[in-house]
Amino acid sequence: MKIILASASPRRRELLKKAGLQFSVKTADVDETLPDGISPANAVRYLCRIKNEAIKADENTVVITADTVVACEGKILGKPETKKQAREMLSLLSGREHSVYTGVCIRKGKKKKIFTDRTRVYFYSLSKKEIDAYIETGEPMDKAGAYGIQGKAGVFVRKINGDYYNVVGLPLARLVRELKEFE
């Protein structure tokens, strides 16, 4: 099966390799501005769909796109653009439960499947010193919610309820099962 992963995320590439899939990488250049009032689950569905539609592929190629957001207290947290935004996000998550949503769109020819996955993540309370030290690593700047569970921020996580790989950026087991429909 010929697969295109339409994502710039190195974490998604690593996960697909972990699953033993052979694929090429393309990126979709789309406007990721979300409609006002959209829910986190609908936001990731919307974003993965528009990214998928932006990729040209032949009828025999499977195109996979994904998008991940963190949501806390009704607020969608994307990737921080500044250290200040990263600090605000991490302060909001400190000592709280939040949800990580990933939307995945799979397309082959005219057949398309979109699904979402949600994982609840519980953070320990974080001191200002812990937050500042983490921000200085640079790690939060390219991650939804300003943290990577697979990196240094793993020590902030008290527990999760759901798929760990969803928090990394791709619900891997479900994706592999869904891909069977496209063989």
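A crossing of two helices is right-handed if the near helix is turned clockwise from the far one by less than a right angle. The model discussed here is predicted.

Q: Which hand does the crossing of α3 and α4 have?
A: Helix α3 covers residues 83-93 and helix α4 residues 128-136. Where α3 passes α4, the crossing is right-handed.

Q: How are α3 and α4 oriented to each other?
A: The axes of α3 and α4 come within 10 Å and cross at roughly 135°. Angles over 145 degrees count as roughly antiparallel and 65 to 115 as roughly perpendicular, with the rest, above 35, as oblique. The two helices, α3 and α4, are therefore oblique.

Q: How many nonpolar residues does the contact of α3 with α4 have?
A: On α3 the contact is made by K83, A86, R87, L90 and S91, and on α4 by I131, D132, Y134, I135 and E136. By class, four residues of this contact are charged, one is polar and the nonpolar ones number five.

Q: Which element gives the most to the lining of the largest pocket?
A: The largest pocket, with a volume of about 790 Å³, is lined by 35 residues, and E32, D67, T68, K79 and A144 lie nearest its centre. Elements giving two or more residues to this lining are α1, α2, β3, β4 and α5. The most, five residues, comes from β3.

Q: How many residues of the lining of the largest pocket are charged?
A: The lining has 17 nonpolar and eight polar residues. The charged residues number 10.

How values were computed
Residues numbered from 1 in each chain as written. Predicted model: local features only at pLDDT ≥ 70, side-chain atom pairs only at ≥ 80, totals over all residues. Heavy atoms only, no water. 1 Å grid on protein atoms, 1.4 Å probe; cavity = no way out; pocket = protein on both sides within 12 Å on 5 of 7 lines; lining within 4 Å. Points joined across faces, edges and corners; volume = space filled by probe spheres on them. Helix = DSSP H or I, 4+ residues; strand = E, 2+ residues; numbered from the N terminus. Nonpolar A, V, L, I, M, F, W, Y, C, P; charged D, E, K, R; others polar. Axes fitted to C-alpha atoms, helices over the stretch in contact; angles between N-to-C directions. Contact = heavy atoms within 4.5 Å.
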